[in-house]
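Biologist: I am new to this structure and should like to be guided through it. May we proceed by question and answer?

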Amino acid sequence: MSRIPRFQEHLKAGFTAEAASAARYRAYADHAQKEGQPNLARRWLRMAAAKDALAIEMLEAAEQIRGLDADLGNAICEERYENDVLYPKMIRDVDQETANVFLRVVNAQKENLRQLEGLRREANAAPGDVALPPEVDRGTAPSAPES
């Protein structure tokens, strides 16, 4: 028997499906851009943004967005689980080439975890909104897709 209500299970499954589709669409857009098809890339990104909006709607309906402290704590827990449990287990079960992909992911995730922990410290110290990192101020950070 499930520990969460059925409606939340279904919303979680829907969220996962929409978020995965959005990520695939962004990957297709990246490939199209590399292939010299910027208009196709923009269309993929537009569809990815629509999928993201659906995923967010389901996450909100499942009451999984709870506010700054809870959301940061949840994100940090997820990153730690992925880095310390999920990916190491997968690495043990796959060939070396695939393991190398997971190792690159874990290394990137360590930076994500560092940023999340820094964001939590900033949020706890900030009287209002947090400061933007310098790369955003310089305009060198990745931006959101245009709609």
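Biologist: How far does H2 reach from its first C-alpha to its last?

Modeller: In this predicted model, H2 has 24 residues. At 1.5 Å a residue, a span of 34 Å is expected. The computed reach is close to that expectation, at 35 Å.

Biologist: Which residues of H2 are buried?

Modeller: A residue counts as buried when its relative accessible area is under 20%. In H2, that description applies to Ala41, Ala48, Lys51 and Ala55.

Biologist: What does the cover of these buried residues of H2 include?

Modeller: One buried residue of H2 is Ala55. Ala55 and Ala13 are 42 residues apart in sequence, yet their C-alpha atoms are 9.9 Å apart in space. Ala13 has its place in helix H1. What covers the buried residues of H2 likewise includes H1.

Biologist: Is Ala13 buried, partly exposed or exposed?

Modeller: Ala13 has a relative accessible area of 47%. Buried means under 20% and exposed means over 50%, with partly exposed in between. Because its value is 47%, Ala13 is partly exposed.

Biologist: Which residue just after H2 takes a positive phi?

Modeller: H2 covers residues 38–61. Just after H2, a positive phi of about 60 degrees is found at Glu63.

Biologist: Which helix supplies the largest share of the lining of the largest pocket?

Modeller: The largest pocket holds about 750 Å³ of space. It is lined by 19 residues, and Phe15, Leu59, Gln64, Asn74 and Glu78 are the closest to its centre. Helix H1 (6–34), helix H2 (38–61) and helix H3 (68–92) each supply at least two residues of this lining. The largest share, eight residues, comes from H3.

Biologist: How many residues of the lining of the largest pocket are nonpolar?

Modeller: The lining of the largest pocket divides into three classes. Five of its residues are charged and four are polar. The number that are nonpolar is ten.

Biologist: Which helix gives the largest share of the lining of the second largest pocket?

Modeller: About 300 Å³ of space lies in the second largest pocket. Its lining includes Arg114, Leu119 and Glu122, as well as Val130 and Pro133. Seven residues, the largest share, come from helix H4 (residues 96–125).

Biologist: How many charged residues does the lining of the second largest pocket have?

Modeller: Among the charged residues that line the second largest pocket are Arg121 and Glu135. By class, the lining has six nonpolar and two polar residues. The count of charged residues is four.

Technical notes:
Residues are numbered from 1 along each chain as its sequence is written. This is a predicted model: local features need pLDDT of at least 70, side-chain atom pairs count only at pLDDT 80 or more; totals for chains, interfaces and linings use all residues. Side-chain values use heavy atoms; hydrogens and water are left out. On a 1 Å grid over the protein atoms alone, a cavity is a set of points where a 1.4 Å probe fits but cannot get out, and a pocket is an open set with protein on both sides within 12 Å along at least five of seven lines; lining residues have an atom within 4 Å of a point. Grid points are joined across faces, edges and corners, and a volume is the space filled by probe spheres set on the points. Helices (H or I, at least four residues) and strands (E, at least two) are DSSP runs, numbered from the N terminus. Buried means under 20% relative accessible area, exposed over 50%, partly exposed in between (1.4 Å probe, protein chains only). The expected span of a helix is 1.5 Å times one less than its number of residues. Contact means heavy atoms within 4.5 Å.
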